[in-house]
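Work through the exercises below with the structure in view. Try each task before reading its solution.

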Amino acid sequence: MNITLKEKVYGALFGYAAGDALGIGTEFMTRAEIHRKYPDGLTRYSQIIRDAHRSQCRRGDYSNDTRQVEILMKAIILENKLSYKSFARDMREFYLQDPIDLTANMRWVLSQEDFVKDPFATAIKVWTGMKVDEAPSDAIGRAMVCGMWNKDVLKNADETCRVTHPHSRCRVSAQIIAHMTNSLMWKDQEATFDELLKIATENEPEVIRYLEIARYGALADFNLDHENSYWYVRKAMGAALWTLWHCDNPNEALLKIVNEGGDSDGNAALATGILGIKYGFSAIDKCYIDGLQEKEGLAEIAEKFTNCLERNFC
């Protein structure tokens, strides 16, 4: 399959935004709740119910998950390089605009006066103070961008994650996603299971089980809708890889993840973005593109990011 660089970039960004926007419709729901609210499954933006959570945005809007991807891409475009310091600076500016949907731990990290000067130390200080003992998934989308940037992939994924999420499970999950993304982007093939397993084995063995489920298990084995663990970064990573290995196109991945519930917008965004790279922008159903509220802005970023990649790596 010969997918152009432009098709991959557009597929990644629009796939990510589409997964995010449709996933909002089932975010924080269990599979049982989804069945009650959407008896035939959620498949279109127009179906999204208007409850207290979902009425905060328009149908077709995406969340801060996609904003972070946009922010990182824009920083790269502006400076013609990937720098975690530039990303930290721009994330601080984003925080100061008072977005409504940032998680508590990320909001606390970004609110610190010394954050831009030393984001790594600030993030560790905040996570220690908050006694965060689990690793949430709200930063892993950045890893996809790090994989698209064809230089120092694992280092960039690690550093860009550490800006707000210093836990080893977050960092290793980000490295795994970045490595897979880079292989799809620049080698036109999936990274091998053994390559991913090596990253986990050497850095964070607790990630291994989720890689094994992704390769050999069922999507239901992740229990994505479990109320006490739906935010685990290992689940987001594993579910995205599961769709890569078990789905035939980005639309199938999108609908399977969305209708599992839990952190469905973040999970679906990552899965659909990665499959958007593998199969290209044209493989994404047109209704998921046309229904996005800010598709013109996404297209502008995708075009500029494509040009930036071409200048540097082609």
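The exercises that follow deal with empty space and with one residue in a predicted model.

**Exercise 1.** Describe the largest pocket: its volume, its lining and the elements that take part.

Solution.
1. Start with the volume: the space in the largest pocket is about 770 Å³.
2. Turn to the lining, which is made up of 39 residues. Nearest the centre of the pocket lie E27, S63, N64, D101 and D265.
3. Look for elements that supply two or more lining residues: these are α3 (64-79), α7 (141-148) and α14 (264-279). With five residues, α3 gives the most.
4. Sort the lining of this pocket by class: 16 residues are nonpolar, eleven are polar and twelve are charged.

**Exercise 2.** Find how many cavities of 30 Å³ or more there are, and describe the largest cavity.

Solution.
1. The count comes to one cavity of 30 Å³ or more.
2. The largest cavity holds about 30 Å³ of space.
3. Its lining includes A21, I24, I48 and C57, and also R50, R54, R58, R59, G60 and D61.
4. By class, this lining has five charged residues, four nonpolar residues and one polar residue.

**Exercise 3.** Is D225 buried or exposed, and which residues does D225 touch?

Solution.
1. Locate D225: it sits in the loop between α11 (208-216) and α12 (233-246).
2. The relative accessible area of D225 is 14%, and buried means under 20%, so D225 is buried.
3. Leaving aside residues up to four places away in sequence, D225 touches M29, T30, R31, E260, G261 and G262.
4. For R31, a distance can be added: a polar atom of the D225 side chain lies 2.9 Å from the backbone nitrogen of R31.

How values were computed:
Residues numbered from 1 in each chain as written. Predicted model: local features only at pLDDT ≥ 70, side-chain atom pairs only at ≥ 80, totals over all residues. Heavy atoms only, no water. 1 Å grid on protein atoms, 1.4 Å probe; cavity = no way out; pocket = protein on both sides within 12 Å on 5 of 7 lines; lining within 4 Å. Points joined across faces, edges and corners; volume = space filled by probe spheres on them. Helix = DSSP H or I, 4+ residues; strand = E, 2+ residues; numbered from the N terminus. Nonpolar A, V, L, I, M, F, W, Y, C, P; charged D, E, K, R; others polar. Buried < 20%, exposed > 50% of the residue type's maximum accessible area, 1.4 Å probe, protein only. Polar contact = N/O pair within 3.5 Å; in protein donor to acceptor, adjacent residues only side chain to side chain. Contact = heavy atoms within 4.5 Å.
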